Amino acid sequence: MSAYADRLEALASEAADRCTECGKCFEVCPTAREVGMDAGEAKTRVGELIALTRQAAAAAEGLQKWLNACDGSAQCTAACPEDINVRQWITIAKMKAVEAVRPLETSAGAAANRFRHMAQAVRLLASMQLPSETLKKILAPAEKRTADVIFYTGCNVLRTPHIVLNVMDILDGLQLDFDVVGGTAHCCGVYQFQEADLPTYEKIGHRTFNRLGQSGASQVLTWCPTCTKNFDELEKDVAAPSFGLDHVSEFLAANLDTLKSHFVDQPKRRVVIHEHQGIGATLDSMRKLLRAVPNLELVELPQDSGFSYACGGQAAKFKDRERAIHRGLAEAAVAAGADTIVTMYHSCHRALSGAEAIYPLRVVNFTDVIAEAMGRGGHPDYYRLYKTGGPMDEAVEAARTFLQDNGVKVDEASVKSLTADIFDETGLAGPRDAFRDAFTELARQS
Ligand code: SF4
Ligand code: SF4
């Protein structure tokens, strides 16, 4: 067993030793209820979790059902009276449960497939929306960077790269010495960990974290909620890093006074945040940031914000619940007289940006609002154009130029696969034909 794997075992054992078996974590778990598990089973399930932690064996049937249902919401951690990071414990337990019943080779194959699919989609979508100079800047090796602050994007936000450009604008506006690092060569290793391929995880996610440290940066700003969660729970707690770690929103909220000094007059807006709890102080930070924007009124609505820490990902297995959350939010926003939904993360942005095709609402990311409040931003959100299904001329012309600049060609098969990628995700969207037809034509011409 590697030193890293040993340390994970120790973290889980510490949790099991401290646990009083009160059962509160299971009682509040939203996904256990979603799959029909009764809160009255709490003590039994926690007992099984402790047993799994103490021995390398398959999980008991009830526990396995709980582990399978978990989407990482962190409601369990918030409820634990002993301050145990239960989500971290459950994450490690999930991996151990898979390790006990599946050969490593099978796990490695499953992880590699998921990684390959994600990498292909990210590469194409980024090449369709970003100039090669910016893409090269993002993809350059982390350990060769020299700035004091690293803005770490992760992989998947490159599907909606205007968000990355917004954050870069904001950090530029703050006159910060920063580098931007991301792309699949700097993956956080989520698929390898989830599929229990720990040896490869160490070469990907664990290595990425170490490479960030090798740059000598004093501060790493994360973007992706999954990377943030993984770095916090599977890296920072395993070995203390040489750098500070914050989500971009937390860093901006901590520098709000400086940020505000750059704000310029803004149009009147009534906005609703599509909320998720579970990733540090990100929600509170975004609320704080948006409340400071001139002429912006934040409309508070009751929301199902504790169900998952972000849209998609592990929550994607609950399609009906995600659908109800998206529709419920858009309808409540319209009823409350809001004109804008503000998304927190990129996966939520992908899920909700198509709402514009259905409801009288704008959908923007919080970084759009902050960058524009600083007189910057305004980067085209091509993904939203794809998703709303309206005229594609602007998106296709931009893609034609960027693809040429990046030396990337699309063929009809990749357009088919991208169409499924974009429109099969749970979320709100216009018709898929507009994207599929326009980009198939682009592929035929290239
Ligand atoms: S992280 Fe959320 S979904 Fe997972 S066990 Fe904890 S409460 Fe349940
Ligand atoms: S809430 Fe905390 S102490 Fe109670 S059973 Fe869960 S992990 Fe153990």
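The buried residues of α23 pack against three helices: α20 (382-388), α21 (393-406) and α22 (412-423). This model is predicted.

**Helix α23**

Four residues of α23 are buried: Phe-435, Arg-436, Phe-439 and Leu-442. They sit on the same side of α23, because they cover an arc of only 135° around the axis. The face turned away from that buried side carries exposed residues, namely Asp-433, Arg-444 and Gln-445. What span should α23 have at 1.5 Å a residue? The 13 residues of α23 (residues 433-445) should span 18 Å, and its end C-alpha atoms are 18 Å apart, so the two agree.

**Domains 1 and 2**

The protein is divided into domain 1 (3-101) and domain 2 (104-254). Their C-alpha centres lie 27 Å apart. Across the boundary, 13 residues of domain 1 are in contact with ten residues of domain 2. On the domain 1 side, α1 (3-18) and α7 each give two or more residues. Helix α7 gives the most, with six residues.

**Ligand 1**

The shell around ligand 1 holds 13 residues, of which Cys-29, Cys-70, Ser-73, Gln-75 and Cys-76 come nearest. Elements giving two or more residues to this shell are α3 (30-34), α6 (75-79) and α7 (86-101). Here α7 gives the most, with three residues.

The make-up of the two residue sets is as follows.

| Residue set | Nonpolar | Polar | Charged |
|---|---|---|---|
| Shell around ligand 1 | seven residues | four residues | two residues |
| Side of domain 1 that touches domain 2 | six residues | four residues | three residues |

Helix α7 thus appears in both settings: it gives residues to the ligand 1 shell and to the side of domain 1 that touches domain 2.

Terms used
Residues numbered from 1 in each chain as written. Chains lettered and ligands numbered in written order. Predicted model: local features only at pLDDT ≥ 70, side-chain atom pairs only at ≥ 80, totals over all residues. Near = placed C-beta within 6 Å. Nonpolar A, V, L, I, M, F, W, Y, C, P; charged D, E, K, R; others polar. Expected span 1.5 Å × (residues − 1). Buried ≥ 20, exposed ≤ 12 C-beta atoms within 10 Å, placed from the backbone. Arc of directions from axis to C-beta. Contact = placed C-beta atoms within 7 Å. Domains from an automatic or database assignment.
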